[in-house]
Amino acid sequence: MNDKIIRPARPEDQPGAYYVCLKTGDHGKDGEPFYQEDPDALGRIFVGPYLAYEPGLSLVLEDEEGICGYALGALDSRSFFARYEAEWRPELCARFPDPQRDPSQWSRVQQVYSWYHHPDYFCPQPYAAYPSHLHIDLLPRAQGRGYGRRMLQQVMNRLGNSPGAHLGVSVLNMAAFGFYERLGFRELIRTGCGSDAVIYMGKGLPD
């Protein structure tokens with residue numbers, strides 16, 4: 001297999017990046033079995049807006065089989081979420097109805113549709129110290145070879161004069177938590193409970 005390359009994302013990369021989001025969509029594991037009725041459900045939140053609104057902070061990892069990872073960022077989280085709210089979310093809500101029955105009976109796809117209608121714009125404090133945020137996913141064939149570290153570092157290098165960045169990781173994905181710790185991120189706060197809990201981590205820049 002040819003070596004993998006890191007490059008800036010292009011609009012035509014969206015299907016491949018959405019597929020990576022799907023295949024890592026079960027707390028870092030393969031989410032495809034849970035999203036067969038709508039494989040793009042997660043990508044519309046966690047990938048699409050970044051490719052559209054932060055192309056300068058969007059990288060993909062590619063090999064001869066196609067896109068196998070991405071690293072995404074937003075310079076100012078509140079500004080990014082404001083644009084998402086005004087320009088991206090209305091179309092999602094128009095296309096995908098808010099589930100109405102008992103949430104305990106929802107499928108994974110229906111749960112994501114509820115996120116379209118009731119988004120979480122949480123940013124850890126102190127916001128002034130960590131206004132930027134990052135998001136990365138790699139397929140198994142790209143993991144453990146240093147690409148994640150390189151990609152995140154490249155995105156952070158593009159954050160200019162940002163004082164720091166944060167990211168969220170599921171409590172069910174402690175391998176990712178350890179990866180971020182090794183990159184210099186430290187835990188800021190935990191939100192949610194049980195298997196839905198999220199650990200927010202932050203890192204000062206440059207660091």
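This report covers the cysteines, the salt bridges and the strand pairing around β2.

The model is predicted.

## Cysteines

Zero disulfides occur in the structure. C21 takes part in no disulfide, and its nearest cysteine sulfur, that of C68, lies 15 Å away. C68 is likewise in no disulfide. A disulfide needs two cysteine sulfur atoms within 2.5 Å, so at 15 Å the sulfurs of C21 and C68 do not qualify. Both side chains sit out of reach of the probe to a large degree by the numbers: C21 has a relative accessibility of 5% and counts as buried. C68 has a relative accessible area of 0% and is buried too.

## Salt bridges

The whole structure contains 13 salt bridges. Three of them are set out below.

| Pair | Closest N to O distance |
|---|---|
| K4 and D63 | 3.3 Å |
| D63 and R141 | 2.8 Å |
| R83 and E87 | 3.1 Å |

Start with D63. This residue belongs to strand β2, residues 59-63. D63 forms a salt bridge with K4. K4 lies in the segment before β1 (5-8), and the two partners are 59 residues apart, so the pair links distant parts of the chain. D63 also forms a salt bridge with R141. R141 sits in the loop between β4 (132-138) and α6 (147-157). Here the separation along the chain is 78 residues, and again distant parts are linked.

How buried or exposed are these three partners? K4 is buried, at 6% relative accessibility. D63 is buried as well, with a relative accessible area of 8%. R141 is partly exposed, at 27%. Buried means under 20% relative accessible area, so K4 at 6% and D63 at 8% fall within that class. R141 at 27% does not, because its value lies between 20% and 50%.

The salt bridges join up further. K4, D63, E65 and R141 are linked in a network of salt bridges.

The R83 and E87 pair has another setting. Both residues lie in helix α4, residues 77-95. They are four residues apart, about one turn of the helix. Both count as partly exposed: R83 has 36% relative accessibility, and E87 has 46%.

## Strand β2 and its neighbours

Which strands pair with β2? On one side of the list is β1, which pairs with β2 in the antiparallel sense over four bridges. P8 has L59 of β2 as its bridge partner. The other is strand β3, residues 66-74, which pairs with β2 in the antiparallel sense over five bridges. E62 has I67 of β3 as its bridge partner. β2 and β3 form a hairpin, with two residues between them.

Why is β2 described as largely enclosed by the rest of the structure? Four of its five residues are buried, so the strand is largely enclosed. In a regular strand the side chains alternate between the two faces of the sheet.

## Drawing it together

D63 ties these themes together. D63 lies in β2, is buried at 8%, and has salt bridges to K4 and R141. The strand around D63 pairs with β1 and with β3. By contrast, R83 and E87 both lie in helix α4.

Methods: Residues numbered from 1 in each chain as written. Predicted model: local features only at pLDDT ≥ 70, side-chain atom pairs only at ≥ 80, totals over all residues. Heavy atoms only, no water. Buried < 20%, exposed > 50% of the residue type's maximum accessible area, 1.4 Å probe, protein only. Salt bridge = Lys/Arg side-chain N within 4 Å of Asp/Glu carboxyl O. Pairing = 2+ DSSP bridges.
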